[in-house]
Amino acid sequence: MKEVNYDVVVCGAGVAGVAAAVAAARQGAKTVIIEKQCLLGGLAASGLIYIYLPLCDGNGKQVAFGLAEEMFRRCTEYGPFAVPERWGGPAGGDPGIKGDRCQCCFSPAGFTLTLDKMLEESGVDLWLDTLVTDAQKEGDRIVSVDAVNLSGKIRIAGRCFVDATGCALAASLAGAKVLSEVNHVTPWIMEMASDPSFFHFTESLHIRPFGEHKEEYAVEPPFDGKKVTAFVRRTWRMMRSHYDAFSRAERVKNYPVHLPAMPQIRKIGRIDALYTLSETDCGKHFDHAVGTAGNWYHPDPGWEAPYEALVPKDLDGLLAAGRCIGAGGYAWEIFRVIPAAALTGEAAGTAAALCAQKNLSPKDLPYALLKEHLTSLPD
Ligand SMILES: Cc1cc2nc3c(=O)[nH]c(=O)nc-3n(C[C@H](O)[C@H](O)[C@H](O)COP(=O)(O)OP(=O)(O)OC[C@H]3O[C@@H](n4cnc5c(N)ncnc54)[C@H](O)[C@@H]3O)c2cc1C
């Protein structure tokens, strides 16, 4: 099998993966990012999720910085939306999706173009249409992953790895423990309609969310291949019954124009991390913080992410980024969204580059060294 070598290998080019790859390359690491689709941004592009949730605490203060802010400022470049200038608030204002927070919408397709520009500017090697299929270890340390694309099977060796697959797949392929939680079926689709329900692209083109966080929409883990198919087909049935109702009512025909190309499962799998964030961590200060995520539900003091939430207990040579870091329950809700994915992606990519340069295990990386190189912390 053909083998190639990199300093940093990032698996998955969602928001977290792109942030990790850009951060690693900006540290001078020879970096590759591997993506099974031909779009960048993961759920934020192929999943038709198009709201960049707040970087603020809901009380007028910015909490997330670095690549989370850079992506935020650039995500509207190819689309009809604009980035607000204010950092949210006032306290007690409407905290909902349309509330007065520092968040914005973007075109999912346009975001791919911007993310590609960011990878190009930082000199990252991008492999699209390439599926990571396996991982190899020496002792406890991951040393390579196997991938397949039209060139055949390729072994990609790395000095350090970032798992940004959104489901801890790279860690799992290397034998690490993966944890999960209950989800709800609430698909978002792009449609043409005479009764726009959400944010508009044009007068009639918009994204419609379906379903609710209710018992009847719950789906239990573990998520295997069969369950993903069942989940997606259930969303298609929900859509059919929605559009059938329109036909029966003989109203102006509404119809879908684009469906998500990724399963819209919010929480598939996360690493068993050295530290797992939980509901009690709101407002807590961590000595090894890599950045702070804003609570997108309502104003609160913010959620610091400790470096240890990115490091698996049972696997060496790999850091997690995005929605597969160590965060459970309500904390997973806070850290699974786009700005937090960018934040943890930057931290994981920076740490991976430093580990590769210094020949260190992520568990042994001195926090002071990482902190020196992060832009995700306030000055
Ligand atoms: C219904 C729904 C609504 C949401 N609403 C919002 C919202 O309004 N705002 C918000 O900020 N967030 C929202 N989110 C959450 C948010 O979109 C995602 O959690 C976030 O984008 C995750 O980013 P990520 O990079 O961690 O993972 P992902 O987006 O999952 O990216 C993982 C990437 O890895 C790739 N990959 C996976 N396996 C492999 C493999 N074997 N080989 C190669 N590539 C692989 C995937 O193709 C994908 O591109 C929503 C999520 C859902 C499901």
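**Figure 1. Polar contacts between backbone atoms and the ligand.** In this predicted model, a backbone N or O atom of Ile 338 lies 2.9 Å from an oxygen atom of the ligand. Nitrogen atoms of the ligand are also approached by the backbone: a polar backbone atom of Val 132 is 2.9 Å from a ligand nitrogen, and a backbone N or O atom of Ile 51 lies 2.7 Å from a nitrogen atom of the ligand. On its own, the ligand has 1000 Å² of accessible area, and the protein covers 98% of this area.

**Figure 2. The shell of residues around the ligand.** The ligand is surrounded by 34 residues, of which Glu 35, Leu 43, Ile 51, Arg 323 and Arg 336 come nearest. Sorted by class, the shell consists of 18 nonpolar, eleven polar and five charged residues. Which element gives the largest share of this shell? Helix α7 does, with three residues.

**Figure 3. An edge-to-face aromatic pair, Tyr 6 and Trp 127.** The structure holds nine aromatic pairs. In the pair shown here, the ring centres of Tyr 6 and Trp 127 are 6.4 Å apart and the ring planes stand at 75°; the pair is edge-to-face because an angle over 60 degrees between the planes counts as such. The pair links distant parts of the chain, since Tyr 6 belongs to strand β1 (residues 2-11) and Trp 127 to strand β5 (residues 125-127), with their positions 121 residues apart in the numbering. Are these two residues buried or exposed? Tyr 6 has a relative accessible area of 9% and is therefore buried, the cut-off being under 20%. Trp 127, with a relative accessible area of 17%, is likewise buried.

**Figure 4. A lysine charge over the ring of Tyr 6.** The ring of Tyr 6 also faces a charged group: the charged end of Lys 30 sits over this ring. The distance from the charged end of Lys 30 to the centre of the Tyr 6 ring is 4.8 Å.

**Figure 5. A stacked aromatic pair within a cluster.** Trp 296 and Tyr 297 form a stacked aromatic pair, with 4.0 Å from centre to centre and 25° between the planes. Trp 296 counts as buried, at 15% relative accessibility, whereas Tyr 297 is partly exposed, with a relative accessible area of 31%. The value for Tyr 297 lies in between the limits for buried (under 20%) and exposed (over 50%), so this residue is partly exposed. Trp 296 and Tyr 297 belong to one aromatic cluster that also includes Trp 303 and Tyr 330.

Key
Residues are numbered from 1 along each chain as its sequence is written. This is a predicted model: local features need pLDDT of at least 70, side-chain atom pairs count only at pLDDT 80 or more; totals for chains, interfaces and linings use all residues. Side-chain values use heavy atoms; hydrogens and water are left out. A residue is near a molecule or strand if one of its heavy atoms lies within 4 Å of it. A polar contact is a pair of N or O atoms within 3.5 Å; within protein, one must be able to donate a hydrogen and the other to accept it, and residues adjacent in sequence count only if both atoms are side-chain atoms. Accessible areas come from the Shrake-Rupley method with a 1.4 Å probe; for residues, only the protein chains shown count as cover. Helices (H or I, at least four residues) and strands (E, at least two) are DSSP runs, numbered from the N terminus. Ala, Val, Leu, Ile, Met, Phe, Trp, Tyr, Cys and Pro count as nonpolar, Asp, Glu, Lys and Arg as charged, and the others, Gly among them, as polar. Rings of Phe, Tyr and Trp (its six-membered ring) pair if their centres lie within 6.5 Å; planes under 30 degrees apart count as stacked, over 60 as edge-to-face and the rest as tilted. Buried means under 20% relative accessible area, exposed over 50%, partly exposed in between (1.4 Å probe, protein chains only). A charge sits over a ring if NZ of Lys or CZ of Arg is within 6 Å of the ring centre and within 35 degrees of the ring normal.
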